[in-house]
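Dear colleague,

I am passing on the structure we spoke about, with its sequence, so that you can have both open while you read. My notes on what was found follow directly below.

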Amino acid sequence: MYDTTPHRLNCGITSWPRRAQSWLDDRGKGAWIAAMVLGFIFVWPVGLALLAYMIWSKRMFNRSGCGPRRHAHTPWKANSSGNSAFDAYRDETIRRLEDEQGAFEAFLKRLRDAKDKQEFDAFMDERVKANASEAVGKSSEDVAKDVSAY
């Protein structure tokens, strides 16, 4: 009569909440918040239900609640592959790449600093020229006033 094989139980209308939760978890907390906001905009009970679910399941306040996090600038450590020569090569290559990344970031900082210094020097030169022309303009006005006084 009824087909109760496992593949039939995993599809259909009863599994969409689980698939939606998995899809949102893969995209992180921002996807949950966007879904909640859209729920409030289009059908406010759906938004309210999502908010309640996020608070109840601790997805709103728990950092590890929504999928894996990508950590920036953390050293990459892998498990041993079983081949010590490959592990040594991999570790040396990673160390070399991290050193090159550090050198490149230092180079970019020097470039930014040089550009900032150039822009600041140009600003100061313009300011000195403006002040000098102002001083020349004032001194000629003072001379004109002194001449007209006589």
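In this predicted model, the side chains of Glu-100 and Arg-96 meet in a salt bridge, with a distance of 3.1 Å from N to O. Because these two residues are 4 apart in helix H5, which covers residues 84-149, about one helical turn separates Glu-100 from Arg-96. With a nitrogen-to-oxygen cut-off of 4 Å, the count comes to 7 salt bridges.

Turning to helix packing, helix H2 (residues 16-27) and helix H3 (residues 29-42) pack with their axes 5 Å apart and at an angle of about 125°, which means that H2 is oblique to H3. On the H2 side the residues involved are Gln-21, Leu-24, Asp-25 and Arg-27, and these meet Lys-29, Ala-31, Trp-32 and Ala-35 in H3. Sorted by character, the residues of this contact of H2 with H3 divide into 4 nonpolar, 3 charged and 1 polar.

Helix H3 also has a part in a surface feature, since the largest share of a nonpolar patch, 5 residues, comes from H3. That patch lies on the surface and is formed by Ile-33, Val-37, Leu-38, Ile-41, Phe-42, Val-43 and Val-46, which together have about 640 Å² of accessible area. Leu-38, one of the residues of the patch, has its place in helix H3.

With best wishes

Note on methods:
Residues are numbered from 1 along each chain as its sequence is written. This is a predicted model: local features need pLDDT of at least 70, side-chain atom pairs count only at pLDDT 80 or more; totals for chains, interfaces and linings use all residues. Side-chain values use heavy atoms; hydrogens and water are left out. Axes are lines fitted to C-alpha atoms, for helices over the stretch in contact, and angles run from 0 to 180 degrees between N-to-C directions. Angles under 35 degrees count as roughly parallel, over 145 as roughly antiparallel, 65 to 115 as roughly perpendicular and the rest as oblique. Contact means heavy atoms within 4.5 Å. Ala, Val, Leu, Ile, Met, Phe, Trp, Tyr, Cys and Pro count as nonpolar, Asp, Glu, Lys and Arg as charged, and the others, Gly among them, as polar. Patches are made of residues with over 30% relative accessible area and no salt bridge: like charges are joined within 9 Å, nonpolar side chains (Val, Leu, Ile, Met, Phe, Trp, Tyr) within 5 Å. Accessible areas come from the Shrake-Rupley method with a 1.4 Å probe; for residues, only the protein chains shown count as cover.
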